[in-house]
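Take a look at the model below. This report walks through a few of its residues, one place at a time.

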Amino acid sequence: MYREDPQYIPADTKCPGDNDPIDVLDIGAKQLRTGAIVAVKILGVLALIDDGETDWKVLAINIADPMAHLLNDVDDIETHLPGAIKAIREYFRDYKSFSGKINSYALRAQAMPRHYAVKVIQGKLHRSNRRTN
């Protein structure tokens with residue numbers, strides 16, 4: 001399990017990690033239970049800032065989803081599922097608003113492409129392995 005490292009401050013977000021497991025959002029048609037383990041195709045990533053901590057949101061699709069062959073990067077999400085990224089971005093910005101808190105995003109709230117998401121994940125894997133070895 002790869003956690004957001006609270007000891008590491010990424011240059012792109014300028015906020016430490018939140019010490020939670022990395023979040024992968026399956027945007028496919030089938031609703032899965034929280035924590036389900038399925039093979040996914042990585043499409044992109046959002047850099048949520050929650051309570052001053054980096055909380056990466058990896059955008060992915062279950063490889064068994066009927067739309068998986070159409071989606072390979074964040075641009076494909078907008079093409080085939082218009083408004084999906086905006087809805088995800090707004091949900092995570094506002095989901096704690098009942099308590100008077102609004103989250104923000106690093107990277108101009110832009111959904112970063114697949115290659116960027118892979119670098120984020122690989123960086124987490126490297127730091128996670130370094131701490132456990």
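What follows covers one acidic residue and one group of valines in this predicted model.

**Asp18**

Start with Asp18. Asp18 sits in the segment before strand E1, which spans residues 23-26. Asp18 is buried, yet it has no salt bridge. The nearest side chain of opposite charge belongs to Lys57, 6.2 Å away. A salt bridge needs the charged atoms to be within 4 Å. Where does the side chain of Asp18 reach? It reaches the backbone nitrogen of Asp20, at 3.0 Å.

**The valine patch**

Now move to the surface. Val24, Val38 and Val40 form a nonpolar patch there. Together they have about 200 Å² of accessible area. Val24 is part of strand E1, while Val40 belongs to strand E2, residues 40-50.

Are Val24 and Val40 buried or exposed? Partly exposed is the label for Val24, and also for Val40. The table gives the values behind those labels.

| Residue | Relative accessibility |
|---|---|
| Val24 | 46% |
| Val40 | 31% |

Partly exposed is the class between buried, under 20%, and exposed, over 50%. Val24 is therefore partly exposed at 46%. Val40 is partly exposed because its value is 31%.

**Around Val40**

Which residues does Val40 touch, leaving aside those up to four places away in sequence? They are Val24, Ala60, Ile61, Asn62 and Ile63. So Val24 shares a patch with Val40 and also touches Val40. Val40 and Ala64 are 24 residues apart along the chain. Their C-alpha atoms are separated by 8.2 Å.

How values were computed: Residues are numbered from 1 along each chain as its sequence is written. This is a predicted model: local features need pLDDT of at least 70, side-chain atom pairs count only at pLDDT 80 or more; totals for chains, interfaces and linings use all residues. Side-chain values use heavy atoms; hydrogens and water are left out. Helices (H or I, at least four residues) and strands (E, at least two) are DSSP runs, numbered from the N terminus. Buried means under 20% relative accessible area, exposed over 50%, partly exposed in between (1.4 Å probe, protein chains only). Lys and Arg count as positive and Asp and Glu as negative; His and the chain ends are not counted. A polar contact is a pair of N or O atoms within 3.5 Å; within protein, one must be able to donate a hydrogen and the other to accept it, and residues adjacent in sequence count only if both atoms are side-chain atoms. Patches are made of residues with over 30% relative accessible area and no salt bridge: like charges are joined within 9 Å, nonpolar side chains (Val, Leu, Ile, Met, Phe, Trp, Tyr) within 5 Å. Accessible areas come from the Shrake-Rupley method with a 1.4 Å probe; for residues, only the protein chains shown count as cover. Contact means heavy atoms within 4.5 Å.
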